[in-house]
Amino acid sequence: LVSNKQQGAAASSSITISMSSSSSSNNKNPSIVEIRPVTDKESLWEFLRIAAHEDDVEVVKSNPDLVKYVQDFDNSNDTASSTSKSAGDVGVVAFLNEDDDDSKTSNDEPVGSAWVRFWTDDPTKRGYGHVRDDIPELAIGVSSQHQGKGIGTALLQQLFVDVQKKAIPGISLSCRDDNAAALQLYQRLGFERVKGTEVSNRIGGCSFTMLRLFDED
């Protein structure tokens with residue numbers, strides 16, 4: 001992973017999750033997922049690669065439609081509300097503490113991340129799932145060897161908390177119609193498909209926009 005040392009986080013949340021993969025059957029202790037704020041933007045590149053279904057981070061960095069999801073990411077403004085165009089981005093990172101002796105994951109190595117970006121008024125600089133300027137768009141990725149363990153759920157649940165603290169009204173995202181696992185996760189956590197947003201994606205398939213509003217909670 002890229003630049004995987006996260007230091008100086010202002011706050012964190014430890015969540016105990018049950019391991020659902022068969023490889024964890026011999027593990028006597030549950031895994032602990034610690035969710036921390038993003039403090040190192042460079043670590044997001046690897047998870048953007050996963051989210052984009054690419055094999056090489058450099059491919060992601062050379063694609064202008066993808067690079068915007070990490071480039072200029074800035075979550076330093078913790079006080080602005082959604083009424084300001086400089087409200088600031090929000091992001092969280094998951095660190096998995098496994099007690100299994102065979103695990104190669106250390107506490108300082110991130111295994112997943114979820115973050116949201118605000119886009120500008122310029123349509124050419126918006127992401128795939130843009131809905132409106134006061135609603136940021138989600139990007140999320142979990143390392144392949146740790147998928148199916150509840151990490152994505154833990155990331156999104158903490159992200160929802162952090163986003164609502166800034167009075168941000170909702171989150172949008174773009175989802176491929178053939179990504180059944182991701183679609184199930186998003187629907188379970190309250191995202192709804194936005195009608196009429198179906199478009200051909202960069203690999204020739206179909207993608208659509210989803211929206212999660214918080215004022216309905």
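**Notebook: burial and pairing around β6**

I began with burial in the protein chain and noted that 47% of its 217 residues are buried. I worked throughout on a predicted model.

Overall fold. I counted five helices and nine strands in the secondary structure of the protein chain. Reading along the sequence, I recorded the order β-β-α-α-α-β-β-β-α-β-α-β-β-β. I then looked up contacts between residues with a separation of 6 or more, and found that 67% of them join residues 24 or more positions apart. For the accessible surface of the protein chain I noted about 11000 Å², with 44% belonging to carbon and sulfur atoms.

Strand β6. I turned next to residues 170–176, which form β6, and found six of the seven residues buried. I looked up its pairing with β9, residues 206–213, and recorded an antiparallel arrangement over seven bridges. Within this pair, I located Arg-212 of β9 opposite Ile-171.

Pro-136. I placed this residue in the loop that runs between β4 (110–117) and β5 (137–142). Its relative accessible area is 0%, so I entered Pro-136 as buried, the cut-off being under 20%. I then listed its contacts, setting aside neighbours within four places in sequence: Val-116, Arg-117, Phe-118, Ile-168, Gly-170, Ile-171 and Ser-172. Ile-171, one of these contacts, is the residue I had already noted opposite Arg-212. Finally, I checked Pro-136 against Leu-173: the two are 37 residues apart along the chain, and I recorded 8.6 Å between their C-alpha atoms.

How values were computed: Residues numbered from 1 in each chain as written. Predicted model: local features only at pLDDT ≥ 70, side-chain atom pairs only at ≥ 80, totals over all residues. Heavy atoms only, no water. Buried < 20%, exposed > 50% of the residue type's maximum accessible area, 1.4 Å probe, protein only. Helix = DSSP H or I, 4+ residues; strand = E, 2+ residues; numbered from the N terminus. Pairing = 2+ DSSP bridges. Contact = heavy atoms within 4.5 Å. Areas by Shrake-Rupley, 256 points an atom, 1.4 Å probe, with all protein chains shown as cover.
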